[in-house]
Amino acid sequence: MVQHWFDLSGKVALVTGAGANGGNGHAIALALAEAGARLVVSDIDAAGARETAREIRALDRPVLAVHCDNGNPDDITAMFAEIDRVYGRIDILVNNVGIGQRARPEELSLADWQRVIRVNLDGTFLCSQEAGRRMIRQGTGGSIVNISSIAGSSALGRGNFVYSVTKGGINQLTRELAVEWAPYRIRVNAVLPAQILTPALQQLFRDPRLDAEKTRARMLAGIPLDRFGEPEDVAKAVLFLVSDAAAFITGHLLAVDGGSLALNAGGSKVWPKDE
Ligand SMILES: NC(=O)c1ccc[n+]([C@@H]2O[C@H](COP(=O)([O-])OP(=O)(O)OC[C@H]3O[C@@H](n4cnc5c(N)ncnc54)[C@H](O)[C@@H]3O)[C@@H](O)[C@H]2O)c1
(Lines give C-alpha, C1' and ligand atoms only; values in the text may rest on other atoms or scores of the structure.)
Protein backbone atom coordinates (compact mmCIF):
# COMPACT_ATOMS: atom_id res chain seq x y z
CA MET A 1 0.00 0.00 0.00
CA VAL A 2 2.79 2.45 0.77
CA GLN A 3 5.01 1.28 -2.09
CA HIS A 4 3.58 3.91 -4.44
CA TRP A 5 5.19 6.60 -2.27
CA PHE A 6 8.53 5.36 -3.59
CA ASP A 7 7.41 4.77 -7.19
CA LEU A 8 9.43 6.91 -9.62
CA SER A 9 7.71 5.67 -12.81
CA GLY A 10 7.73 8.28 -15.56
CA LYS A 11 10.33 10.49 -13.86
CA VAL A 12 13.62 11.39 -15.55
CA ALA A 13 16.57 11.31 -13.12
CA LEU A 14 20.16 12.46 -13.66
CA VAL A 15 22.86 11.05 -11.37
CA THR A 16 26.30 12.61 -11.81
CA GLY A 17 29.43 10.57 -11.14
CA ALA A 18 27.41 7.38 -11.64
CA GLY A 19 30.11 5.31 -13.36
CA ALA A 20 30.16 1.63 -12.45
CA ASN A 21 32.97 1.81 -9.92
CA GLY A 22 31.12 0.59 -6.84
CA GLY A 23 30.74 4.15 -5.55
CA ASN A 24 27.74 6.04 -4.21
CA GLY A 25 26.60 7.35 -7.61
CA HIS A 26 26.59 3.85 -9.06
CA ALA A 27 24.40 2.52 -6.23
CA ILE A 28 22.08 5.56 -6.41
CA ALA A 29 21.56 5.19 -10.18
CA LEU A 30 20.67 1.49 -9.86
CA ALA A 31 18.25 2.21 -6.98
CA LEU A 32 16.42 4.99 -8.84
CA ALA A 33 16.16 2.79 -11.93
CA GLU A 34 14.73 -0.07 -9.86
CA ALA A 35 12.17 2.38 -8.46
CA GLY A 36 11.02 3.04 -12.03
CA ALA A 37 12.87 6.18 -13.13
CA ARG A 38 14.30 6.78 -16.60
CA LEU A 39 17.98 7.44 -15.97
CA VAL A 40 20.74 9.68 -17.18
CA VAL A 41 24.12 8.54 -15.83
CA SER A 42 27.06 10.88 -16.28
CA ASP A 43 30.73 10.48 -15.43
CA ILE A 44 34.16 11.77 -16.46
CA ASP A 45 34.84 8.07 -17.00
CA ALA A 46 32.83 7.41 -20.17
CA ALA A 47 33.37 3.64 -20.06
CA GLY A 48 32.16 3.55 -16.43
CA ALA A 49 28.99 5.44 -17.35
CA ARG A 50 28.35 3.05 -20.25
CA GLU A 51 28.77 0.06 -17.93
CA THR A 52 26.23 1.45 -15.44
CA ALA A 53 23.89 2.05 -18.39
CA ARG A 54 24.29 -1.59 -19.42
CA GLU A 55 23.30 -2.70 -15.90
CA ILE A 56 20.25 -0.43 -15.97
CA ARG A 57 19.17 -1.69 -19.37
CA ALA A 58 19.29 -5.19 -17.89
CA LEU A 59 16.63 -3.95 -15.43
CA ASP A 60 14.55 -3.04 -18.50
CA ARG A 61 14.70 0.69 -17.84
CA PRO A 62 15.53 3.45 -20.34
CA VAL A 63 18.94 5.01 -19.76
CA LEU A 64 21.27 7.56 -21.33
CA ALA A 65 25.02 7.48 -20.59
CA VAL A 66 26.83 10.82 -20.90
CA HIS A 67 30.50 11.69 -20.69
CA CYS A 68 30.69 14.85 -18.55
CA ASP A 69 33.50 16.43 -16.56
CA ASN A 70 31.72 18.40 -13.84
CA GLY A 71 34.68 20.77 -13.75
CA ASN A 72 33.97 21.82 -17.34
CA PRO A 73 30.95 24.14 -17.80
CA ASP A 74 30.76 23.34 -21.54
CA ASP A 75 30.38 19.62 -20.76
CA ILE A 76 27.48 20.43 -18.41
CA THR A 77 25.74 22.60 -21.03
CA ALA A 78 26.16 19.84 -23.63
CA MET A 79 24.85 17.19 -21.20
CA PHE A 80 21.61 19.08 -20.59
CA ALA A 81 21.18 19.68 -24.34
CA GLU A 82 21.45 15.91 -24.79
CA ILE A 83 18.87 15.32 -22.01
CA ASP A 84 16.51 17.77 -23.79
CA ARG A 85 17.00 15.90 -27.06
CA VAL A 86 16.49 12.39 -25.64
CA TYR A 87 13.88 12.88 -22.86
CA GLY A 88 12.69 16.48 -23.21
CA ARG A 89 12.40 16.86 -19.41
CA ILE A 90 14.08 16.31 -16.05
CA ASP A 91 12.43 15.62 -12.68
CA ILE A 92 15.26 14.49 -10.41
CA LEU A 93 18.89 15.57 -10.10
CA VAL A 94 21.41 13.89 -7.81
CA ASN A 95 24.62 15.93 -7.57
CA ASN A 96 26.96 13.13 -6.57
CA VAL A 97 30.33 14.16 -8.07
CA GLY A 98 32.79 15.18 -5.37
CA ILE A 99 36.57 15.18 -5.39
CA GLY A 100 39.21 16.05 -2.79
CA GLN A 101 42.83 17.11 -2.63
CA ARG A 102 44.47 15.86 0.53
CA ALA A 103 46.99 18.46 1.71
CA ARG A 104 47.93 20.45 4.76
CA PRO A 105 46.18 23.86 4.55
CA GLU A 106 49.51 25.68 4.80
CA GLU A 107 50.81 23.72 1.79
CA LEU A 108 47.73 23.56 -0.47
CA SER A 109 48.34 25.33 -3.81
CA LEU A 110 45.88 27.83 -5.21
CA ALA A 111 45.58 25.66 -8.34
CA ASP A 112 44.48 22.62 -6.31
CA TRP A 113 42.11 24.72 -4.19
CA GLN A 114 40.50 26.10 -7.38
CA ARG A 115 40.26 22.69 -9.06
CA VAL A 116 38.31 21.19 -6.14
CA ILE A 117 36.08 24.28 -5.88
CA ARG A 118 35.45 24.11 -9.65
CA VAL A 119 34.41 20.45 -9.69
CA ASN A 120 32.50 20.35 -6.38
CA LEU A 121 30.94 23.81 -6.12
CA ASP A 122 30.83 25.20 -9.68
CA GLY A 123 29.73 21.78 -10.95
CA THR A 124 26.95 21.43 -8.35
CA PHE A 125 25.81 25.02 -8.97
CA LEU A 126 25.72 24.66 -12.77
CA CYS A 127 23.95 21.27 -12.79
CA SER A 128 21.40 22.59 -10.27
CA GLN A 129 20.84 25.74 -12.32
CA GLU A 130 20.36 23.80 -15.59
CA ALA A 131 17.98 21.34 -13.91
CA GLY A 132 16.18 24.06 -11.94
CA ARG A 133 15.50 26.17 -15.05
CA ARG A 134 13.92 23.16 -16.75
CA MET A 135 11.89 22.16 -13.68
CA ILE A 136 10.58 25.73 -13.34
CA ARG A 137 9.58 25.73 -17.04
CA GLN A 138 7.92 22.32 -16.78
CA GLY A 139 5.80 23.53 -13.85
CA THR A 140 5.53 20.05 -12.31
CA GLY A 141 7.97 20.43 -9.41
CA GLY A 142 11.11 18.38 -8.98
CA SER A 143 13.68 17.10 -6.55
CA ILE A 144 17.40 17.78 -6.17
CA VAL A 145 19.63 15.86 -3.77
CA ASN A 146 23.21 16.95 -3.15
CA ILE A 147 25.67 14.37 -1.87
CA SER A 148 27.50 16.35 0.78
CA SER A 149 29.44 14.85 3.70
CA ILE A 150 29.70 14.96 7.47
CA ALA A 151 32.83 17.00 6.55
CA GLY A 152 30.49 19.85 5.58
CA SER A 153 29.16 20.12 9.13
CA SER A 154 32.18 19.23 11.28
CA ALA A 155 35.93 19.31 10.72
CA LEU A 156 37.77 16.11 9.79
CA GLY A 157 41.36 17.37 9.74
CA ARG A 158 43.84 14.97 8.06
CA GLY A 159 44.19 17.18 4.97
CA ASN A 160 40.47 17.36 4.12
CA PHE A 161 40.57 21.18 4.17
CA VAL A 162 39.36 22.22 0.71
CA TYR A 163 37.06 19.19 0.41
CA SER A 164 35.32 20.13 3.67
CA VAL A 165 34.99 23.77 2.65
CA THR A 166 33.19 22.76 -0.57
CA LYS A 167 30.85 20.45 1.38
CA GLY A 168 30.02 23.29 3.77
CA GLY A 169 29.22 25.37 0.69
CA ILE A 170 27.03 22.60 -0.71
CA ASN A 171 25.07 22.50 2.57
CA GLN A 172 24.31 26.21 2.28
CA LEU A 173 23.59 25.92 -1.47
CA THR A 174 21.03 23.27 -0.48
CA ARG A 175 19.24 25.58 1.98
CA GLU A 176 19.28 28.60 -0.35
CA LEU A 177 17.93 26.70 -3.36
CA ALA A 178 15.29 25.00 -1.19
CA VAL A 179 13.96 28.42 -0.22
CA GLU A 180 14.35 30.06 -3.66
CA TRP A 181 12.64 27.23 -5.51
CA ALA A 182 9.98 26.20 -3.00
CA PRO A 183 7.38 28.30 -4.90
CA TYR A 184 7.97 25.97 -7.88
CA ARG A 185 7.63 22.82 -5.69
CA ILE A 186 11.27 21.96 -6.36
CA ARG A 187 12.59 20.29 -3.21
CA VAL A 188 16.32 20.53 -2.51
CA ASN A 189 17.95 18.35 0.15
CA ALA A 190 21.37 16.96 0.97
CA VAL A 191 22.71 13.64 2.22
CA LEU A 192 25.71 13.77 4.55
CA PRO A 193 27.47 10.41 4.55
CA ALA A 194 30.17 9.40 7.01
CA GLN A 195 32.87 7.06 5.76
CA ILE A 196 31.37 4.81 3.06
CA LEU A 197 33.23 1.79 1.72
CA THR A 198 33.71 3.03 -1.85
CA PRO A 199 36.84 2.92 -4.04
CA ALA A 200 37.66 6.47 -2.83
CA LEU A 201 37.83 5.30 0.80
CA GLN A 202 39.79 2.16 -0.13
CA GLN A 203 42.30 4.43 -1.90
CA LEU A 204 42.64 6.56 1.23
CA PHE A 205 43.58 3.44 3.18
CA ARG A 206 46.41 2.96 0.65
CA ASP A 207 47.77 6.52 1.16
CA PRO A 208 51.40 6.04 2.28
CA ARG A 209 51.17 9.21 4.41
CA LEU A 210 48.56 7.54 6.64
CA ASP A 211 48.69 4.43 8.81
CA ALA A 212 45.74 2.51 7.34
CA GLU A 213 44.93 0.50 10.48
CA LYS A 214 45.10 3.51 12.79
CA THR A 215 43.00 5.60 10.38
CA ARG A 216 40.42 2.83 10.11
CA ALA A 217 40.24 2.45 13.91
CA ARG A 218 40.00 6.22 14.43
CA MET A 219 37.16 6.48 11.92
CA LEU A 220 35.25 3.57 13.46
CA ALA A 221 35.67 5.06 16.95
CA GLY A 222 33.63 8.01 15.67
CA ILE A 223 30.75 5.90 14.35
CA PRO A 224 28.39 4.73 17.14
CA LEU A 225 26.83 2.04 14.90
CA ASP A 226 30.33 0.56 14.68
CA ARG A 227 30.65 -0.06 10.96
CA PHE A 228 31.52 1.80 7.78
CA GLY A 229 28.66 2.70 5.48
CA GLU A 230 27.85 0.89 2.25
CA PRO A 231 26.94 2.75 -0.98
CA GLU A 232 23.44 1.25 -0.62
CA ASP A 233 23.03 3.12 2.71
CA VAL A 234 23.44 6.35 0.74
CA ALA A 235 21.17 5.12 -2.09
CA LYS A 236 18.35 4.33 0.38
CA ALA A 237 18.43 7.88 1.77
CA VAL A 238 18.47 9.38 -1.74
CA LEU A 239 15.55 7.21 -2.85
CA PHE A 240 13.57 8.43 0.16
CA LEU A 241 14.38 12.10 -0.45
CA VAL A 242 13.57 12.12 -4.18
CA SER A 243 10.36 10.16 -3.68
CA ASP A 244 6.88 11.26 -2.72
CA ALA A 245 7.57 9.83 0.75
CA ALA A 246 9.55 13.04 1.37
CA ALA A 247 6.97 15.37 -0.24
CA PHE A 248 7.03 17.81 2.72
CA ILE A 249 10.81 17.74 3.21
CA THR A 250 13.03 20.42 1.71
CA GLY A 251 16.19 22.24 2.81
CA HIS A 252 17.09 19.25 4.99
CA LEU A 253 20.60 17.89 5.59
CA LEU A 254 20.17 14.16 6.23
CA ALA A 255 23.17 12.55 7.93
CA VAL A 256 23.74 8.95 6.82
CA ASP A 257 26.53 8.43 9.25
CA GLY A 258 25.83 5.72 11.83
CA GLY A 259 25.48 8.46 14.46
CA SER A 260 28.81 10.13 13.71
CA LEU A 261 27.53 13.74 13.86
CA ALA A 262 25.54 12.94 17.00
CA LEU A 263 28.69 11.91 18.84
CA ASN A 264 30.63 14.71 20.49
CA ALA A 265 34.35 14.55 19.70
CA GLY A 266 35.03 14.23 23.44
CA GLY A 267 32.36 11.56 23.85
CA SER A 268 32.67 7.83 23.48
CA LYS A 269 30.43 4.92 22.58
CA VAL A 270 32.04 2.76 25.29
CA TRP A 271 31.97 3.31 29.04
CA PRO A 272 35.44 4.03 30.47
CA LYS A 273 35.42 0.83 32.54
CA ASP A 274 34.77 -1.23 29.36
CA GLU A 275 37.72 0.20 27.41
N1 LIG B 1 33.14 7.46 0.14
C2 LIG B 1 32.93 8.14 1.24
O3 LIG B 1 33.34 7.74 2.33
C4 LIG B 1 32.13 9.42 1.19
C5 LIG B 1 31.81 10.03 2.41
C6 LIG B 1 31.10 11.22 2.39
C7 LIG B 1 30.70 11.77 1.18
N8 LIG B 1 31.03 11.16 0.01
C9 LIG B 1 30.60 11.79 -1.24
O10 LIG B 1 29.92 10.89 -2.07
C11 LIG B 1 30.12 11.25 -3.44
C12 LIG B 1 30.63 10.05 -4.23
O13 LIG B 1 31.73 9.55 -3.54
P14 LIG B 1 32.42 8.16 -3.90
O15 LIG B 1 33.23 7.78 -2.72
O16 LIG B 1 31.42 7.21 -4.46
O17 LIG B 1 33.41 8.69 -5.03
P18 LIG B 1 34.31 7.93 -6.07
O19 LIG B 1 35.51 8.77 -6.17
O20 LIG B 1 34.46 6.49 -5.73
O21 LIG B 1 33.42 7.97 -7.37
C22 LIG B 1 32.90 9.12 -7.89
C23 LIG B 1 32.62 8.99 -9.41
O24 LIG B 1 32.77 10.32 -9.85
C25 LIG B 1 33.52 10.33 -11.04
N26 LIG B 1 34.20 11.63 -11.17
C27 LIG B 1 35.34 12.06 -10.56
N28 LIG B 1 35.63 13.31 -10.96
C29 LIG B 1 34.65 13.67 -11.82
C30 LIG B 1 34.39 14.84 -12.58
N31 LIG B 1 35.22 15.90 -12.55
N32 LIG B 1 33.28 14.88 -13.36
C33 LIG B 1 32.45 13.81 -13.43
N34 LIG B 1 32.65 12.67 -12.75
C35 LIG B 1 33.74 12.61 -11.94
C36 LIG B 1 34.50 9.17 -10.94
O37 LIG B 1 34.93 8.74 -12.21
C38 LIG B 1 33.63 8.14 -10.20
O39 LIG B 1 32.94 7.29 -11.11
C40 LIG B 1 31.13 12.41 -3.42
O41 LIG B 1 30.44 13.64 -3.49
C42 LIG B 1 31.78 12.28 -2.07
O43 LIG B 1 32.30 13.50 -1.58
C44 LIG B 1 31.74 9.99 0.00
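Which residue of β5 does Ile92 stand opposite? Select Ile92 and look across to β5: the residue there is Ser143. Keep in mind throughout that this model is predicted.

Next, select residues 92-95, which form strand β4, together with β5. The two strands run parallel and are joined by 4 bridges. To follow the chain from β4 to β5, select helix α4, residues 110-138. The chain passes through α4 on its way, and this β-α-β crossover is right-handed.

Now select β5 alone, residues 142-147. Of its 6 residues, 6 are buried, so the strand is largely enclosed by the rest of the structure. In a regular strand, side chains alternate between the two faces of the sheet. Colour Gly142, Ile144 and Asn146 for one side of β5, and Ser143, Val145 and Ile147 for the other. Both faces are covered, with the residues on each side buried.

Add strand β6, residues 186-193. Here 6 bridges join β5 to β6, and these strands run parallel. Gly142 stands opposite Ile186 of β6. Between β5 and β6 the chain goes through helix α5, residues 161-181, in a right-handed β-α-β crossover.

Finally, select the ligand and its surroundings. The ligand is surrounded by 28 residues, and the closest are Gly17, Gly19, Gly23, Gly98 and Thr198. Show helices α1 (24-34) and α6 (199-205): each supplies at least two residues of this shell. The largest share, 3 residues, comes from α6. Coloured by type, the shell divides into 14 polar, 11 nonpolar and 3 charged residues.

Notes:
Residues are numbered from 1 along each chain as its sequence is written. This is a predicted model: local features need pLDDT of at least 70, side-chain atom pairs count only at pLDDT 80 or more; totals for chains, interfaces and linings use all residues. A residue is buried if 20 or more other C-beta atoms lie within 10 Å of its own, exposed if 12 or fewer, and partly exposed in between; C-beta atoms are placed from the backbone. Two strands pair if DSSP finds at least two bridges between them. A crossover is right-handed if, with the strands pointing away from the viewer, the path from the first strand over the helix to the second runs clockwise. A residue is near a molecule or strand if its C-beta atom, placed from the backbone, lies within 6 Å of it. Ala, Val, Leu, Ile, Met, Phe, Trp, Tyr, Cys and Pro count as nonpolar, Asp, Glu, Lys and Arg as charged, and the others, Gly among them, as polar.
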